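Please open the structure in a viewer and keep the selection tool at hand. The tour below proceeds from one selection to the next and describes what is found at each stop.

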Amino acid sequence: MNVAIDDVLLQQVMAGRRGPTLRFWAWSQPAVIIGRYQSLRNEVDLEAATAMGIQVVRRMSGGGAMFVRPEGGITYSIIVPESMLEGMSIRDSYGFCDAWVVSALRELGADVGYVPLNDIATPIGKVGGAAQARRPGGVLHHTMIAHQFNGSEMLKVLRIGREKLSDKGIASAAKRVHPLNEQISHNRAEVVAHLISSFSARYTITHGSLIADELASARQLVESRYGLDVWTRQLE
């Protein structure tokens, strides 16, 4: 449902039915989210994921696989008209979309910075990673930040460093993760509240929510695409 909502909001912004949107969201269960062009077999140990009760989802954006638990991840999406990023390279657009987050986390005491192309990191390791989907008239940029992280659990379900099973797909880069809770004392809710406050101090915002038509369209996309094995397994 979350990846479907991102798709719907991008369509809404492209059609001019919704203005530029920042959405914070959370997962209801542990999940692995793989990139649009990744091989499922290369990225995920499906037997382990099933045994651990972890849902596997393919998103519409590129980039690598991420493992998230509801209590551990902070996830947000930025959906904007293409014109807002006009004149920027793809590399510059990643830095622009996450610059406010880097500043906000530094305000909390985290030693973080933007590392091209798509990472927020400390000198020790990666804190968050971003991905984008671009369509004529609109751009979806979404980022996952690790607040808490269980590396041993991740290695059970993601095939990082294991033998390649398929010649298809784009592989994820193995990077050390340095979660926020190893740097700052703020809990997940406090970090999210500060991010929202920091964003609203920089930009004029209107607090809102998803409308009924958007939710209905997202449910239809779950049924016709994102919830289907044929979508998740399209690159085996």
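**First stop: Arg-58**

Select Arg-58, which is buried because its relative accessible area is 0%, under the 20% cut-off. The model on display is a predicted one. Arg-58 belongs to strand E3, which covers residues 55-58.

Which residues surround Arg-58, neighbours within four places in sequence left aside? Contacts are made with Val-3, Ile-34, Gly-35, Arg-36, Tyr-37, Gln-38, Leu-40, Tyr-226, Trp-231, Thr-232, Gln-234 and Leu-235. Now display the backbone of Gln-38: its oxygen lies 2.8 Å from a polar atom of the Arg-58 side chain. For a sense of distance, select Leu-46 as well; the C-alpha atoms of Leu-46 and Arg-58 are 13 Å apart, with their positions 12 residues apart in sequence.

**Second stop: Ser-39**

Move to Ser-39, in the loop that runs between strand E2 (31-34) and helix H2 (40-43). Is Ser-39 buried or exposed? Its relative accessibility is 1%, so Ser-39 counts as buried. A polar atom of the Ser-39 side chain is found 3.2 Å from the backbone nitrogen of Asn-42.

**Third stop: helices H1 and H7**

Two of the contacts listed for Arg-58, Val-3 and Tyr-226, also take part in the next contact to be shown. Select helix H1 (residues 2-14) together with helix H7 (residues 212-226); their axes come within 8 Å and cross at roughly 120 degrees. H1 is therefore oblique to H7. The crossing of these two helices is right-handed.

To see the contact itself, show the following side chains. On H1, select Val-3, Ala-4, Ile-5, Asp-7, Val-8, Leu-9, Gln-11 and Gln-12; they meet Glu-214, Leu-215, Ser-217, Ala-218, Leu-221, Val-222, Arg-225 and Tyr-226 on H7. Coloured by character, the residues of this contact comprise 10 nonpolar, three polar and three charged.

**Fourth stop: helices H4 and H6**

Next, select helix H4 (residues 90-107) and H6, whose axes come within 9 Å and cross at roughly 125 degrees. This angle makes H4 oblique to H6, and the crossing is right-handed. H4 contributes Trp-100, Val-101, Ser-103, Ala-104, Leu-105 and Glu-107 to the contact, while H6 contributes Val-191, His-194, Leu-195, Ser-198, Phe-199 and Arg-202. By character, the contact residues divide into seven nonpolar, three polar and two charged.

Within this group, isolate Ser-198, which lies in helix H6. Ser-198 has a relative accessibility of 4% and so counts as buried. Which residues does Ser-198 touch, if those up to four places away in sequence are not counted? They are Trp-100, Ala-104 and Glu-107.

**Fifth stop: Leu-158**

Proceed to Leu-158, in the loop between helix H5 (151-157) and helix H6 (188-202). Leu-158 counts as buried, because its relative accessibility is 3%. Apart from residues up to four places away in sequence, Leu-158 touches Val-32, Glu-43, Val-44, Ala-65 and Phe-67. Arg-59 stands 99 residues from Leu-158 along the chain, and their C-alpha atoms are separated by 16 Å.

**Last stop: Pro-116 and Leu-117**

Finally, select Pro-116 and Leu-117 and inspect the bond between them. It is a cis peptide bond, with omega at about 10 degrees. Leu-117 is located in the loop between strand E6 (113-115) and strand E7 (119-121).

Notes:
Residues numbered from 1 in each chain as written. Predicted model: local features only at pLDDT ≥ 70, side-chain atom pairs only at ≥ 80, totals over all residues. Heavy atoms only, no water. Axes fitted to C-alpha atoms, helices over the stretch in contact; angles between N-to-C directions. Helix = DSSP H or I, 4+ residues; strand = E, 2+ residues; numbered from the N terminus. Parallel < 35°, antiparallel > 145°, perpendicular 65-115°, else oblique. Left-handed = near helix turned anticlockwise from the far one by under 90°. Contact = heavy atoms within 4.5 Å. Nonpolar A, V, L, I, M, F, W, Y, C, P; charged D, E, K, R; others polar. Buried < 20%, exposed > 50% of the residue type's maximum accessible area, 1.4 Å probe, protein only. Polar contact = N/O pair within 3.5 Å; in protein donor to acceptor, adjacent residues only side chain to side chain.
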